[in-house]
Amino acid sequence: MNHPADSLAPEAQRRAATGIVDVIETLITESQRETRPLEVDPGRSGLFECFVQAEQQGLIPDEAESAAAGDNEETEHLLSPDLLCRQLARRWGLDMAAREAQAMQTKLPADQLERMRLLWSVMRMWMEWKYAWQRWPEYHRDAAAAEPTDSADTSDD
């Protein structure tokens with residue numbers, strides 16, 4: 001995807017991504033504290049605003065970029081659904097807790113399991129928005145071409 005923000009310096013992209021992830025983390029924390037699903041407002045609207053900002057900043061990679069993006073410093077500013085959730089999981093120590101639970105064959109503590117569920121909600125919504133956003137032109141090209149124009153006015157004056 002070609003974004004106007006593609007020319008941003010890597011450091012500017014990192015700062016923008018960090019700011020967006022910070023807001024997402026706050027939205028998730030508030031949702032968890034208030035036992036309110038992220039899929040309803042104000043969580044959903046706040047997350048969508050973050051998605052739009054990330055898209056406008058050129059931080060959401062297309063499919064080819066996502067496939068090529070590993071988990072390294074060069075891609076830490078990208079906010080594909082999986083990379084976004086990986087960043088949050090790392091911040092909260094969920095990645096380590098999941099590894100420990102698997103190695104010890106135990107369950108995740110309830111609070112960590114709840115955060116994991118919230119991350120799945122974020123990932124699912126982010127994936128759906130990304131898909132719809134990328135497919136928008138494909139489904140709206142014909143509608144725009146079919147709209148009548150003012151120059152086609154053939155009134156009998």
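**Helix 1 and its packing partners**

Good morning. Helix 1, residues 10-33, packs against helix 4, residues 81-92, at an angle of about 65°, and the two axes lie 11 Å apart. Please keep in mind that this is a predicted model. An angle from 65 to 115 degrees counts as roughly perpendicular, and helix 1 and helix 4 are therefore roughly perpendicular to each other. Their crossing is right-handed.

Which residues make this contact? From helix 1 they are Thr-18, Val-21, Asp-22, Ile-24, Glu-25 and Ile-28. Helix 4 contributes Leu-84, Gln-87, Leu-88, Arg-91 and Trp-92. Sorted by class, the contact of helix 1 with helix 4 comprises 6 nonpolar, 2 polar and 3 charged residues.

I turn now to the second partner, helix 2, which spans residues 43-56. The axes of helix 1 and helix 2 come within 10 Å, and they cross at roughly 170°. Because angles over 145 degrees count as roughly antiparallel, helix 1 is roughly antiparallel to helix 2. On the helix 1 side, the residues in contact are Ile-20, Val-23, Ile-24 and Leu-27. They meet Gly-43, Gly-46, Leu-47, Cys-50, Gln-53 and Ala-54 of helix 2. By class, the contact of helix 1 with helix 2 has 7 nonpolar and 3 polar residues, and no charged residues.

Ile-24 deserves a remark: this residue of helix 1 takes part in the contact with helix 4 and also in the contact with helix 2.

Let me next consider a single residue of helix 1, namely Gln-13. Is Gln-13 buried or exposed? Its relative accessible area is 9%, and the cut-off for a buried residue is under 20%, so Gln-13 is buried. What does its side chain contact? The side chain of Gln-13 makes a polar contact with the side chain of His-77, at 3.1 Å. Gln-13 and Leu-78 are separated by 65 residues in sequence, while their C-alpha atoms are 8.4 Å apart in space.

Finally, the protein as a whole. There are 6 helices and 0 strands, and the pattern along the sequence reads α-α-α-α-α-α. The protein has 157 residues, of which 34% count as buried. Among contacts between residues at least 6 apart in sequence, 69% join residues at least 24 apart.

To recapitulate, helix 1 is roughly perpendicular to helix 4 and roughly antiparallel to helix 2. Thank you for your attention.

How values were computed. Residues are numbered from 1 along each chain as its sequence is written. This is a predicted model: local features need pLDDT of at least 70, side-chain atom pairs count only at pLDDT 80 or more; totals for chains, interfaces and linings use all residues. Side-chain values use heavy atoms; hydrogens and water are left out. Axes are lines fitted to C-alpha atoms, for helices over the stretch in contact, and angles run from 0 to 180 degrees between N-to-C directions. Helices (H or I, at least four residues) and strands (E, at least two) are DSSP runs, numbered from the N terminus. Angles under 35 degrees count as roughly parallel, over 145 as roughly antiparallel, 65 to 115 as roughly perpendicular and the rest as oblique. A crossing is left-handed if the near helix is turned anticlockwise from the far one by less than a right angle, and right-handed if clockwise. Contact means heavy atoms within 4.5 Å. Ala, Val, Leu, Ile, Met, Phe, Trp, Tyr, Cys and Pro count as nonpolar, Asp, Glu, Lys and Arg as charged, and the others, Gly among them, as polar. Buried means under 20% relative accessible area, exposed over 50%, partly exposed in between (1.4 Å probe, protein chains only). A polar contact is a pair of N or O atoms within 3.5 Å; within protein, one must be able to donate a hydrogen and the other to accept it, and residues adjacent in sequence count only if both atoms are side-chain atoms.
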